[in-house]
Amino acid sequence: MTITFPAQSLFERAVFDNGSGPPTPERPIETRLSAPSRIVVRIPAGSAPIDYDLPTLLDLAKYPLAVSPFANQRPPGSPEPTTEPPQNVTAIEAPWRLILSPEGTAVFTAARTPVTRNGRTELWHARATTSGQTPGQLPIRAIWTPDITNPLDPNDWAAKAESASLTPDHRKQIVRKSTTENPAQASLLLVSPMGTSLDLEAVWTSNGLIGWRHLSWLGRDNYVKTEEAGYLFPFGFPATLLSITERVFKDGLAFQRKRFFIVVRVPTVDYPAGLQTFAGRAQPFTGAATSTIVSPPLAELPQNDRFVSVLGANGAPTELRYQLALTTKDGRTVSADLPMIWVDDTTGENPGNLGTTMAAYAAAEEPLRTLNLGGQKVGFVEPKPPEPGVPQEDRALPTTAMLISARLATKEDGDRLAAFPDLVHADVHVEELDAFSGPAKVITRLSYEPEIYLDKGFGGSANPGDVWAKVATVAPPGFAAQAVDPLQFALSQAAGGGMAAPKFAVDALSRVHGTVTDLTNIAQNKFNPEEYFDLQDTAIKLLGAIPLREVIEIDDAPSLPSDQNIPKITTNRIGDDTVETVVTWKPKLKAVPVGTGKLCTFEPATTDPDRRLHLEVKITASADGSTTSVVRGELNNAALVFVEMIRQPIDRLRFESRDGGKPSIDLKLGTPEFKGDLRFLSRLKDLLPALPGGVKIDTTPTGVKAGLTLAVPSVPIGVVLVQNLAVGVLFDLPFNGDPARLFFSFGTREAPFRCTVMALGGGGFLTIGLSVNGGPPAIEGSLEFGAAVAIDLGVASGSVSIMAGIYIAFGPKTNDKNEFVGNTIVITGFIRAVGELSVLGLIHISLEFYLGLTFKKEGTEEGRVEGEATLKVRVEVFLFSTSVSVTLRKEIGSGVDPSFGDQISASDWSSYCAAFA
């Protein structure tokens with residue numbers, strides 16, 4: 001027996017409320033009307049005849065319901081409906097396009113006669129109950145929807161989530177889930193000639209729709225709620241997309257408004273290393289929590305490729321920033337906020353489905369992916385395992401900001417987002433370097449090292465040095481952007497007293513060594529100075545010219561991390577407003593030829609501790625921006641060997657400079673030693689006392705000079721007389737970073753040595769200057785020879801002398817910027833003749849003749865030849881005297897043959913031409 005009812009549900013178009021309040025809909029409000037519904041009961045075969053009257057026919061509870069097989073409980077794994085239910089089963093279309101049915105054990109109860117109270121007769125209706133006819137929770141299943149075989153136009157308002165309380169996808173999921181999983185539970189299912197009244201709720205656990213609540217009265221929906229499972233990407237919080245359609249009253253109208261919310265179902269998540277690429281090393285977090293549980297009404301429907309948005313204070317849509325508490329690798333918790341994307345669970349749990357979301361997140365503007373941490377300390381890697389008796393170092397870094405991306409999980413893992421946060425880079429303060437940065441604190445940009453740390457992790461044969469990050473500089477707020485280069489910190493060479501400029505680069509971080517460079521070697525616990533100081537203009541130099549990278553001895557079996565060849569940087573905080581950074585370095589030195597041409601060899605001591613250079617740089621920075629520096633260094637028992645002939649011992653060299661000022665120098669030089677072709681001078685060794693005792697030390701603002709001069713007394717050997725023979729050694733150490741130099745001399749220009757044999761004689765001097773950085777030596781010397789004769793007859797006396805000689809000067813030439821621009825060469829040959837005559841002491845006549853020829857070339861200039869001849873005559877008679885001097889000078893440029901005009905003047909040429917007139 002079939003009882004047919006008119007349309008039981010009226011489907012109304014809802015208005016979308018983005019959080020600013022529901023807009024008033026246009027009249028008339030669009031609606032859709034459901035098809036007729038039916039209740040079908042079975043009359044058992046062999047039953048007695050039934051009276052055809054209302055009281056009999058309305059006794060519905062007397063007969064069992066005829067229902068679809070899909071309305072009853074079925075074994076797990078049973079198929080879902082694929083065809084419309086037949087006409088001989090109960091089918092109630094409420095809500096629109098959703099066919100409901102109770103189980104076959106249920107009954108409908110209805111009044112068999114009119115019910116009148118206080119003069120009013122109630123509307124006839126039939127209510128579904130359990131077979132015991134007592135109201136309670138009644139299993140209800142959706143056995144069909146026309147959307148399965150006859151879908152709506154996607155552009156139809158009834159198919160859009162913003163305007164439909166239930167979308168076609170919702171209805172299909174309700175059919176599938178209620179017939180294959182759990183039925184909905186109805187506390188009210190009532191049919192009447194004016195429509196159905198419903199109060200039912202369903203909860204499911206599989207992907208997609210996980211909740212449905214529906215309230216309607218006499219065919220008009222009052223409240224519809226759907227819950228769709230998903231995740232907040234990329235942090236992975238399980239979150240529900242909640243849609244609520246409810247009837248509201250405004251401006252005399254009763255209409256439906258629809259709002260969307262995101263509700264976090266599980267506010268804490270963890271990040272198992274086994275599900276992550278690189279075992280979780282690509283991000284600093286082991287878990288996360290959020291306190292943003294329920295969002296405000298969403299400004300737009302969430303999509304898998306856009307951030308969750310709500311209305312901002314200005315009334316415009318803006319991304320919702322979720323409040324986060326993130327657990328870092330060292331167990332710390334840091335707080336931040338970040339917008340996220342909601343993805344449905346079907347998409348989110350399969351790595352293969354997340355391509356669109358991954359691409360959209362990677363393309364999003366950086367502010368939407370940046371965690372602003374405001375200096376909170378972040379442990380980017382797991383702490384080093386504790387060792388007995390070794391204090392645990394805190395390697396967490398104060399972090400300003402962190403740019404986040406996402407990385408797919410290695411596999412599906414049930415109810416979990418198949419992606420994890422991924423660190424692109426972080427802007428941190430490396431406290432070891434704080435004091436170097438000055439008032440504008442240098443921001444260090446950090447990213448995980450991909451080839452060593454991410455691929456291989458810590459320890460083992462691949463990374464015993466525990467290298468984990470690459471670093472570079474970025475501009476602080478308000479400053480122009482800088483290129484991404486290694487951090488380079490340096491004091492001037494002058495601040496190191498010209499001994500060793502404390503310049504170094506930092507391009508990596510190690511869990512063992514702290515701030516380092518040359519990460520490939522440090523990862524293997526090796527120190528290669530050729531890589532560590534690979535830039536010539538930033539290399540640390542000893543004595544202004546010897547690159548330390550060349551004289552550091554590499555330890556093939558270092559006892560790291562205690563090996564002193566690697567600079568150690570430590571930071572101490574003094575009070576709340578002062579940072580003290582100390583760089584300590586004690587590299588082991590080796591003997592090597594250095595400089596251009598390898599004319600100088602550096603020889604350190606052969607045993608510890610003297611074989612090490614002791615260098616300490618202490619930088620103190622205060623909160624007011626002031627910075628002080630102290631540079632200390634010490635080198636003991638070293639030597640410089642020049643051209644394998646002169647060995648200059650350096651017994652002690654200590655220096656200290658404060659705030660880049662003039663350094664204080666404690667220099668003790670040993671006795672020079674002569675080797676090779678100068679071995680013949682070794683007999684003088686006992687006469688050369690050790691420096692600085694008894695030597696002259698001249699300290700000026702530009703450097704220190706220490707030297708001695710050994711003057712040999714006049715030595716007569718028969719008719720031979722040697723005078724002014726002096727051997728000098730001068731060691732010049734500039735403070736401005738120029739190379740140290742050694743000068744060795746026989747005699748000087750001011751006091752040349754002399755040698756005479758009766759009337760014949762000569763003399764000269766030679767000075768050789770050698771630089772630590774090699775290159776051509778500076779040479780200056782002169783040698784002259786000649787004869788002199790004098791006669792005295794009493795009333796008259798006179799003398800005649802003639803001398804010839806050569807002068808040579810050779811040395812480097814620099815420009816205004818102290819840059820080498822070539823060599824200066826001067827060669828001069830000369831003859832000087834002097835005659836004197838005196839009569840009775842009253843008349844004096846002197847005659848001097850000089851003739852010289854000089855070749856000169858300075859730097860890159862063209863060379864030139866200069867010739868000069870001078871004749872001077874002087875006459876004195878009693879109280880009268882006069883002198884006459886005649887000089888002829890000629891200069892010819894070199895490099896180009898002299899022209900005709902260079903050799904004949906214009907007047908000579910005119911005279912020549914006139915001779916033929």
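I take exposed to mean over 50% relative accessible area, and buried to mean under 20%. The model in front of me is predicted.

**Entry 1: overview**

I began with the whole protein. I found 11 helices and 59 strands. Of the 917 residues, 46% count as buried. The accessible surface comes to about 43,700 Å², and carbon and sulfur atoms hold 56% of that. I then looked up contacts between residues at least 6 apart in sequence; 59% of these join residues at least 24 apart.

**Entry 2: helix H4**

Which residues of H4 are buried? In this helix, residues 355-363, I listed Thr357, Met358 and Tyr361. Seen down the axis, these buried residues fall within an arc of 100°, so they line one face of H4. I checked the other side of H4 and found Thr356 and Ala363 exposed. Next I asked what the buried residues of H4 pack against. I noted four strands: S16 (220-233), S24 (333-339), S25 (341-344) and S27 (397-408).

**Entry 3: strands S1 and S5**

In a regular strand the side chains alternate between the two faces of the sheet. I looked for this in S5, residues 37-40. Ser37 and Ile39 point one way, Arg38 and Val40 the other way. All four are buried. S5 pairs with S1 (residues 2-5) in the antiparallel sense, over four bridges. Within this pairing I located threonine 4 opposite arginine 38 of S5.

**Entry 4: threonine 601**

I placed threonine 601 in strand S40, residues 600-603. Is threonine 601 buried or exposed? Its relative accessibility is 12%, so it falls under the 20% cut-off and counts as buried. I set aside residues up to four places away in sequence and listed what threonine 601 touches: Val592, Pro593, Ala639, Leu640, Val641 and Glu644.

**Entry 5: salt bridges**

Side chains of opposite charge can pair when their charged atoms come close. My search of the whole structure gave 32 salt bridges. I looked up three pairs.

Aspartate 156 and arginine 32 meet at 3.1 Å, N to O. Aspartate 156 sits in the loop between strand S12 (138-144) and helix H2 (168-180), and arginine 32 in strand S4 (residues 31-33), so the salt bridge ties together parts 124 residues apart in sequence. Aspartate 156 is buried, at 16% relative accessible area. Arginine 32 is partly exposed, at 25%.

Next I took arginine 259 and glutamate 246, whose closest N and O atoms are 3.0 Å apart. Arginine 259 is in strand S18 (residues 253-264) and glutamate 246 in strand S17 (residues 237-250), 13 residues apart. Both arginine 259 and glutamate 246 are buried.

The third pair is glutamate 848 with arginine 832, at 4.0 Å, N to O. Glutamate 848 belongs to S57 and arginine 832 to S56, with their positions 16 residues apart in sequence. Glutamate 848 is partly exposed at 29%. Arginine 832 is partly exposed at 31%. I also traced shared partners: Asp17, Glu246, Arg257 and Arg259 form one network of salt bridges.

**Entry 6: nonpolar patch**

Which residues make the nonpolar surface patch? I listed Val795, Leu837, Val839, Leu840, Leu842, Ile843, Ile845, Val877, Phe878, Leu879 and Phe880. The patch covers about 1,100 Å². Strands S56 (820-839) and S57 (843-858) each supply at least two of its residues. I looked up phenylalanine 880 in particular. It lies in strand S59, residues 880-893. Its relative accessible area is 51%, and it is exposed.

**Entry 7: backbone exceptions**

Most residues other than glycine have a negative phi, and most peptide bonds are trans. I searched for departures.

The bond from alanine 94 to proline 95 is cis, with omega near 5°. Proline 95 is in the loop between S6 (92-93) and S7 (99-102). The bond from phenylalanine 233 to proline 234 is also cis, with omega near 10°. Proline 234 is in the loop between S16 and S17.

Leucine 218 has a positive phi of about 50°. I found leucine 218 in the loop between S15 (209-217) and S16. Leucine 218 is partly exposed, at 38%. Phenylalanine 278 has a positive phi of about 60°. Its loop runs between S19 (268-270) and S20 (285-290). Phenylalanine 278 is partly exposed, at 25%.

Note on methods:
Residues numbered from 1 in each chain as written. Predicted model: local features only at pLDDT ≥ 70, side-chain atom pairs only at ≥ 80, totals over all residues. Heavy atoms only, no water. Buried < 20%, exposed > 50% of the residue type's maximum accessible area, 1.4 Å probe, protein only. Arc of directions from axis to C-beta. Contact = heavy atoms within 4.5 Å. Pairing = 2+ DSSP bridges. Patch = residues over 30% accessible without salt bridge, like charges linked within 9 Å, V, L, I, M, F, W, Y side chains within 5 Å. Areas by Shrake-Rupley, 256 points an atom, 1.4 Å probe, with all protein chains shown as cover. Salt bridge = Lys/Arg side-chain N within 4 Å of Asp/Glu carboxyl O.
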